Amino acid sequence: MVGPDTELAAKIQSDVPHAARIWNYWMGGKDNFQADRAAGDAVAEVYPEIVLMAQHSRRFLVRAVRYLAAEAGVRQFLDIGTGLPTMQNTHAVAQQVAPESRIVYVDNDPMVLVHARALLANTTSEGVTTYVPADYHDPETILAEAARTLDFDQPIAVMFMGVLGYEPDLGVLRSIVQRTMDATPSGSHLVLWDGTDTSPEVVAGAERLAQNGGVPYILRSPQDLAGCFTGLTMVEPGLVPIPLWRPDDADAEAIDAYGAVARKP
């Protein structure tokens with residue numbers, strides 16, 4: 001019998017650079033192939049800080065989820081475009097703080113889904129960890145499937161972590177975020193970070209990625225990203241370079257990636 005994992009695995013193309021695997025490579029993971037490493041190295045040649053950005057993106061996730069679980073009292077997380085599981089994933093951080101936390105991961109990538117089944121296991125007996133195979137361009141499907149696990153009468157943290165650049169149209173991007181947040185109740189939060197066009201080097205890195213077979217990624221200005229938070233109340237310190245969002249390190253320095261956490265009134 002052919003199972004769902006076998007069907008998904010058959011769709012994986014190891015000879016074509018793959019966004020989630022390239023990011024996994026930059027983060028120091030092992031779930032990548034030569035084509036991914038070659039594309040990743042090509043970007044790093046012109047923008048070495050991409051590796052630092054990958055590392056800081058996970059640290060931002062950890063700090064944001066820890067804040068939401070420990071200080072804001074959030075017990076439900078909808079992580080959209082989760083990518084390949086690495087270390088300190090959303091469910092592990094949230095359930096360490098609040099064992100009863102419920103987490104729904106969303107991705108439409110076959111390799112991510114294969115790994116999700118294997119690695120995104122619940123860390124506590126009280127909590128729930130599951131995933132939804134869906135594309136973020138279809139918020140209604142995501143919300144309907146997530147409602148099987150999450151209570152949409154209670155606050156939910158909606159997370160878009162470094163994934164929205166795959167949508168080239170800023171209006172469409174903002175619509176995706178708004179439609180998702182509109183379905184959540186008061187007290188919910190939006191957590192979002194993305195790469196920004198704040199240096200010539202990072203722009204050159206994005207161009208190099210596309211030239212080497214990677215899916216083009218649109219870098220936007222911090223002002224463009226700020227528009228995704230319209231109608232929400234920013235948590236201090238607002239939209240800032242991700243190493244500077246409530247840093248553990250007093251010597252943290254800015255990079256070409258901005259993020260924020262905001263509350264729905």
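Helix H5 (residues 90–97) is a good place to start: its buried residues are covered by, among others, helix H4 (49–70) and the strands E1, E2, E3 and E4 (157–161). The buried residues in question are Thr90, His91, Val93, Ala94 and Gln95. Keep in mind that this is a predicted model.

Helix H7 (residues 139–146) makes a nice companion. Here Pro139, Ile142, Leu143 and Ala146 are buried. Looking down the axis of H7, you'd find these buried residues within an arc of 95°, so they line one face of the helix. The general background is simple: an α-helix has 3.6 residues a turn, so residues three or four places apart point the same way. And what sits over the buried residues of H7? The cover includes strand E1 (76–80), strand E2 (102–107), strand E3 (128–133) and helix H8 (170–182). E1, E2 and E3 also turn up in the cover of H5.

Now step back to the whole protein. It has 10 helices and eight strands. Its radius of gyration is 17 Å, close to the 18 Å from the globule rule for 265 residues, so the protein is as compact as a globular protein of that length. Along the principal axes, the C-alpha atoms fill a box of roughly 50 × 45 × 35 Å. Of the 265 residues, 52% are buried. If you take the contacts with a separation of 6 or more, 73% of them involve residues 24 or more positions apart.

As for the outside, about 11700 Å² is exposed, and carbon and sulfur atoms supply 51% of that. The protein carries 19 positive and 34 negative charges, and the mean positions of the two sets are 4 Å apart.

Which residues does Leu192 touch, leaving aside neighbours within four places in sequence? The contacts are Phe60, Phe160, Leu164, Val177, Leu225, Cys228, Phe229, Tyr258, Gly259 and Ala260. Leu192 itself belongs to strand E5 (residues 189–195). With a relative accessibility of 0%, Leu192 is buried, because anything under 20% counts as such. One of its partners, Val177, is 15 residues away along the chain, with 9.6 Å between the two C-alpha atoms.

Here's how three individual residues compare on accessibility:

| Residue | Relative accessibility | Class |
|---|---|---|
| Leu192 | 0% | buried |
| Arg246 | 32% | partly exposed |
| Gly213 | 43% | partly exposed |

Gly213 sits in the loop between helix H9 (200–211) and helix H10 (222–226). Measure along the sequence and Gly213 is 177 residues from Asp36, yet in space their C-alpha atoms are 9.3 Å apart.

The backbone has a couple of oddities worth a look. Most residues other than glycine have a negative phi, and most peptide bonds are trans. Arg246 is not a glycine, but has a positive phi of about 45°. You'll find Arg246 in the loop between E7 and strand E8 (257–263). Then there's a cis peptide bond between Glu236 and Pro237, with omega at about 10°. Pro237 is in the loop between strand E6 (233–234) and strand E7 (240–241).

Notes: Residues are numbered from 1 along each chain as its sequence is written. This is a predicted model: local features need pLDDT of at least 70, side-chain atom pairs count only at pLDDT 80 or more; totals for chains, interfaces and linings use all residues. Side-chain values use heavy atoms; hydrogens and water are left out. Helices (H or I, at least four residues) and strands (E, at least two) are DSSP runs, numbered from the N terminus. The radius of gyration is taken over C-alpha atoms; the globule rule is 2.2 Å times the number of residues to the power 0.38. Buried means under 20% relative accessible area, exposed over 50%, partly exposed in between (1.4 Å probe, protein chains only). Contact means heavy atoms within 4.5 Å. Accessible areas come from the Shrake-Rupley method with a 1.4 Å probe; for residues, only the protein chains shown count as cover. Lys and Arg count as positive and Asp and Glu as negative; His and the chain ends are not counted. The place of a charge is taken as NZ of Lys, CZ of Arg, CG of Asp or CD of Glu. The arc is that of the directions from the helix axis to the C-beta atoms.
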